[in-house]
Amino acid sequence: MKDYSGLMVFAEQREGRAHPVSYELLGKGREMADKLGVELSSVLLGNQMEEEARELIYYGADKVFLYDNPVFEDFDLLNYKHNITRLVEEVKPEVFLFGATHLGRSLAPRIAVALGTGLTADCTGLDMSEDGGLIQIRPAFSGNILAHIRTKTRPQVATVRYKVMPSMLRDEHRKGEIIKKDVEIVPSLLTILKKEKLGEKSITEAELIVSGGRGLKKAEDFSLLADLAELLGGAVGSSRPPVDDGWISREHQVGFSGNTVKPKVYIACGISGSPQHLAGMRGADVIVSINSDPSAPIFKMADYGIVGDLYEVIPKLIDRIKGESS
Ligand SMILES: Cc1cc2nc3c(=O)[nH]c(=O)nc-3n(C[C@H](O)[C@H](O)[C@H](O)COP(=O)(O)OP(=O)(O)OC[C@H]3O[C@@H](n4cnc5c(N)ncnc54)[C@H](O)[C@@H]3O)c2cc1C
């Protein structure tokens, strides 16, 4: 254990830009590194990413290990895993943090296995104990308790949800070191057939979300929610049942086993308000609920409640908004 020191953050990039969860992890990492008096490093893989590497320093990193190669332009799991595992074996950080994004959730467990260490997934909080051990906080038993987990092995690897901790303010005066690492390329399993721009608004970024649940009668009815979301400049979310039924993709799921969202406005349509759903959206500034059952638990949390059939209420809302904007 004594060979391990410092904290490391995996800086995820999409289309050449660091994902904001990376800045949030650097903010928390900076706070913990200062508390322990150790170094905070970050690892970034991509193609022509030196400017982004500098951004990571502005957001709190002391050192950025940069793997710059066209092979890293897209997420190539085996090449990412191979190079990051080598780096961790060399640097030996005590703590290694990933965002609990789709990419992070796919990469972190594979690296933890390769390193023979443990992993705590989907943390919503982190702290440091007096003895320098990482306390990984995450909901357990369907969100009814918050478990505080410690890892005996090193490094202590955790994935952390997006939008649960603030990032530091960007500071262009911060100084740090960018260390360019040699890239080792291994045979890839990745074949890219077609690339599409990230067109659709992601629910984790959206300021307004219109979410649908089991109150919807069929998959096609999500188009009603999409019409409202588009008019209001928002994105479409979902509770888990429509996702399990294959009506909408998992990226749209809000909740305990889906995404944590923090929009300004969250409109829940035909969603009862289970603890697992609330776990993902209770951070919204304003919650609006449309539900035909006045005793639905979601009304206890909602700032505005509309008791009614979503198939009547939403078209009326759409007409009203269109009327006002024309
Ligand atoms: C380990 C675990 C993880 C889970 N993770 C998640 C998660 O991440 N996200 C999640 O959402 N769930 C999750 N769940 C499932 C969760 O327990 C609930 O089953 C789920 O949230 C219920 O979804 P719902 O509110 O859409 O459906 P329901 O609870 O069935 O509610 C449907 C609501 O629609 C209303 N309704 C019906 N018709 C209409 C209409 N025409 N107009 C208006 N209202 C109408 C009803 O009154 C009802 O309140 C998880 C469960 C477990 C055990």
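This is a guided tour of the structure above, stop by stop, saying what to select and what is found there.

The model is predicted, so local features are described only where pLDDT is at least 70 and side-chain atom pairs only at pLDDT 80 or more, while totals for chains, interfaces and linings use all residues. Residues are numbered from 1 along each chain as its sequence is written, and side-chain values use heavy atoms, with hydrogens and water left out.

**Aromatic rings**

Begin with the aromatic residues: a search of the whole structure finds seven aromatic pairs, where rings of Phe, Tyr and Trp (its six-membered ring) count as a pair if their centres lie within 6.5 Å, and planes under 30 degrees apart are called stacked, over 60 edge-to-face and the rest tilted. Select F10 and F98, which form a tilted pair with 5.3 Å from centre to centre and 35° between the planes. Because F10 belongs to strand β1 (residues 7-11) and F98 to strand β6 (residues 95-99), this pair ties together parts that are 88 residues apart in sequence; helices (H or I, at least four residues) and strands (E, at least two) are DSSP runs, numbered from the N terminus.

Add F96 to the selection, and a second tilted pair appears between F96 and F98, with 4.5 Å between the centres and 50° between the planes. F10 and F98 are buried, and F96 is buried as well, in a scheme where buried means under 20% relative accessible area, exposed over 50% and partly exposed in between (1.4 Å probe, protein chains only). To see the wider cluster, select F10, Y67, F72, F75, Y80, F96 and F98, which are linked by ring pairs.

**Charges over rings**

Next, select K217 and Y311, where the charged end of K217 sits over the ring of Y311 at 4.3 Å from its centre. In this description a charge sits over a ring if NZ of Lys or CZ of Arg is within 6 Å of the ring centre and within 35 degrees of the ring normal. K92 and Y4 give another such arrangement, with the charged end of K92 at 6.0 Å from the centre of the Y4 ring.

**Around the ligand**

Now select the ligand together with the 25 residues around it, of which S239, S257, S272, Q276 and N291 come nearest; a residue belongs to this shell if one of its heavy atoms lies within 4 Å of the ligand. Which side chains place a polar atom 2.6 Å or 2.8 Å from an oxygen atom of the ligand? The side chain of S272 does so at 2.6 Å, and that of S274 at 2.8 Å. An N or O atom in the side chain of H277 lies 2.9 Å from an oxygen atom of the ligand.

Taken alone, the ligand exposes 990 Å², and the protein buries 75% of that, with areas computed by the Shrake-Rupley method using a 1.4 Å probe. Colour α6 (240-244), α7 (275-281) and α9 (310-325), the elements that give two or more residues to the shell around the ligand.

From S257, move to Q253, which lies in the loop between α6 and β15 (265-269). Q253 counts as buried because its relative accessibility is 1%. The side chains of Q253 and S257 make a polar contact at 3.1 Å, that is, a pair of N or O atoms within 3.5 Å in which, within protein, one must be able to donate a hydrogen and the other to accept it, and residues adjacent in sequence count only if both atoms are side-chain atoms.

**Backbone details in the loops**

Select R154 and P155 to find a cis peptide bond, with omega near -5°; P155 is in the loop between β10 (145-149) and β11 (156-160).

E15, in the loop between β2 (13-14) and β3 (17-18), has a positive phi near 50° although E15 is not a glycine. With a relative accessible area of 49%, E15 is partly exposed. Q48, in the loop between β4 (40-46) and α2 (50-58), also has a positive phi, of about 60°, and counts as exposed at 72% relative accessibility.

**Exposed charged residues**

Is D131, in the loop between β8 (125-128) and β9 (134-140), buried or exposed? D131 counts as exposed, at 58% relative accessibility. Measuring from C-alpha to C-alpha in the viewer should place D131 and I298 42 Å apart in space, and they are 167 residues apart in sequence.

Finish at E230 in helix α5 (residues 222-232), which is exposed with a relative accessible area of 65%.
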